[in-house]
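Please open the model in your viewer with a selection tool ready, since the stops below are meant to be followed one at a time. Each stop says what to select and then what is there.

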Amino acid sequence: MTTTRPAPRAGRREWIGFTVLMLPLLLVSMDVSVLYFAVPFISEELSPTATQQLWIFDIYGFVLAGLLITMGALGDRIGRRRLLLIGAAAFGAASLLAAYADSAATLIAARAVLGIGGATLMPSTLALVRNLFHDAKQRGAAIGIWTATLTGGIALGPVLSGILLEHFWWGSIFLINIPAMLMLLLLAPLLVPESRNPTTGRFDLFSAALSLGALLPVIYGIKEMAREGLSPARVLAIVAGLLMGALFLHRQHTRAYPMIDLALFRRRGFAGSLAVNLLAMFALVGFAIFTTQHLQLVLGLSPLRAALWSLVPSLAVGGVAPAAAALAQRVERAYLIGAGFGIAVLGFAVLTRVTPESPLWLLLVGASVYAGGLVMVMSLVTELVLGAAPPEQAGVASALTESSSELGGALGMAILGSVGAAVYRRETLDGLPAGLPADSVDAARETLGGALAVAQALPADLADTVLHAARVAFTDGLHLAAVAAMVAMVLGAVTALVALRGVRPADAATTEALPGDPEPTSRPAPAKA
């Protein structure tokens, strides 16, 4: 029976355990972007085909996104710490295989296993944070640090990759995972207590297959449309994923012990928090390609210098998430989330003033401001999602949060990328000098990188004209994408104020059972359809 005793506060042991949990989270998030600089070296040594090179990049993210819900539910059943340790072992072994891969096929297989390991580690770390910190104030601070670690790892990946490749061979970018995973395997059993849901029933393999069949085609179709444009096959993939999703939801509704208890979505603030998180990731991930390309292709920075400068927004907002958690103890969270979206609007407004001649600091200020607002949003909604879910369902709640992040990022890349590309193609064509060969025109209006390649083969005066037209068109596309992101931010603020006003994380003093309290042994089964 639930008691009303004050929730215990975490001590030194719990905080050290939390620090250990941040190691795999940092590495899993870094692996999303760590291959950026390694591609030329991998291509030279393994000679992958164009398709294989694409899958070397993408298989990790696809597998990770597709298995998040499955692994979150599995952790609730077998124990989140146990699943974390299994995932750490798999991640370390796959890192070793990837580092010494002697063929493209082997590297693709290793990246797939890394995705499986990542799918176990991400929801497990967040679910264990939920069960390490019973005090709501401490939990909010911990989730803020968790969010900052996740976003910082993605930004740090290319930088660390560039530094390692300056001194070592390409496999070193994978070998750095192994010491951290060994440390996790040694310390987590000593510092992190086990937690699980005692009333979950048998694991439903068919539901797991349906969840994979729902998420994977949708994310694949969206990302491919962002990269290659609309096609019947990509639309069909999304439709197939949606149909699988409908079957998955029907099965969850009719089972006594579902993988996802749909009653979660009837809890106040749960669905609204997921929607707000999706919109935040829509802008954060979707706009990243514009800032990266502007640094490299408009300002002409080398890849490593561009990666180092791209760290500035992450460093600038490093303390935002913990500060937002502290402020949330005094201010209504819905208003803070709305304010975070408002700050992001200001950042995107600054970016609408960027031109090819603008100084670097203007781009960095805009990126830092919008990133700060969105990190503030993400940390607060993550706390709301975990607070709205019972502790025994922390694994699934964590997985749903991260699935919404993956879907939001994919949608942002597709929609904002398409907006920018449409403007670029139209305006580049209008600005190119007359008399260029048709193949040069096609290459120049396809991408900014293509325009740079065309310009290298032209006389200086024509090259300057092509470069000016392409860079102006690119920044015009960036402006319209920033406006589209601002619209999404306004929608996010409205959603937060409507759906999350008055919602706060579950009060640990009144809703959480304490260690030693009897656990429930049964739960009423929903009616069969």
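Begin by selecting Arg426, which is partly exposed because its relative accessible area is 48%, where buried means under 20% relative accessible area, exposed means over 50% and partly exposed lies in between, with a 1.4 Å probe and protein chains only as cover. Add Glu427 to the selection, and you have a salt bridge with Arg426 whose closest N and O atoms are 3.7 Å apart; a salt bridge here is a side-chain nitrogen of Lys or Arg within 4 Å of a carboxyl oxygen of Asp or Glu. Glu427 is also partly exposed, with a relative accessible area of 26%.

Before going further, note that this is a predicted model, in which local features need pLDDT of at least 70 and side-chain atom pairs count only at pLDDT 80 or more, while totals for chains, interfaces and linings use all residues. Residues are numbered from 1 along each chain as its sequence is written, and side-chain values use heavy atoms, with hydrogens and water left out.

How many salt bridges does the rule give? The count comes to two, and for the other stop you should select Glu383 and Arg333, whose closest N and O atoms are 3.3 Å apart. Glu383 lies in helix H15 (residues 360-388) and Arg333 in helix H14 (residues 333-351), so this pair ties together parts that are 50 residues apart in sequence. Helices (H or I, at least four residues) and strands (E, at least two) are DSSP runs, numbered from the N terminus. Both Glu383 and Arg333 are buried, whereas Arg426 is partly exposed.

Now zoom out to the chain, which has 20 helices and zero strands. Its C-alpha trace spans about 80 × 50 × 50 Å along the principal axes, and buried residues make up 54% of the 529 residues. The radius of gyration of the chain is 23 Å, which agrees with the value near 24 Å that a compact globule of 529 residues would have; this radius is taken over C-alpha atoms, and the globule rule is 2.2 Å times the number of residues to the power 0.38.

Next, go to Ser47, in the loop between helix H2 (39-46) and H3. The phi of Ser47 is near 50°, a positive value in a residue other than glycine, and Ser47 is exposed, with a relative accessible area of 55%.

From that loop, move into helix H3 (residues 50-78) and select Phe62. Is Phe62 buried or exposed? At 4% relative accessibility, Phe62 counts as buried. Select Ile116 as well, and the two C-alpha atoms are separated by 9.8 Å although the residues are 54 apart along the chain.

Helix H5 (residues 104-132) is the next selection, with 29 residues and a reach of 41 Å from its first C-alpha to its last, close to the 42 Å expected at 1.5 Å a residue; the expected span is 1.5 Å times one less than the number of residues. H5 is mostly covered, as 24 of its 29 residues are buried. In the loop between H4 and H5 you will find Ser103, which counts as partly exposed at 25% relative accessibility.

Compare this with helix H11 (residues 270-298), which has 29 residues and reaches 42 Å, close to the 42 Å expected. Look along H11 for a bend of about 30° at Ala288, the bend being the angle between axes fitted to the seven residues ending there and the seven starting there. H11 is followed by Gly300, whose phi is positive, near 75°.

For the last stop, select helix H19 (residues 460-499), which holds Val490 and also Phe474. Val490 is partly exposed, with a relative accessible area of 48%, while Phe474 is buried, with a relative accessible area of 7%. Where H19 holds Phe474, select Thr355 too: the two residues are 119 apart in sequence and 9.3 Å apart in space, C-alpha to C-alpha. For Val490, select Leu311, 179 residues away along the chain, and the C-alpha atoms are separated by 26 Å.
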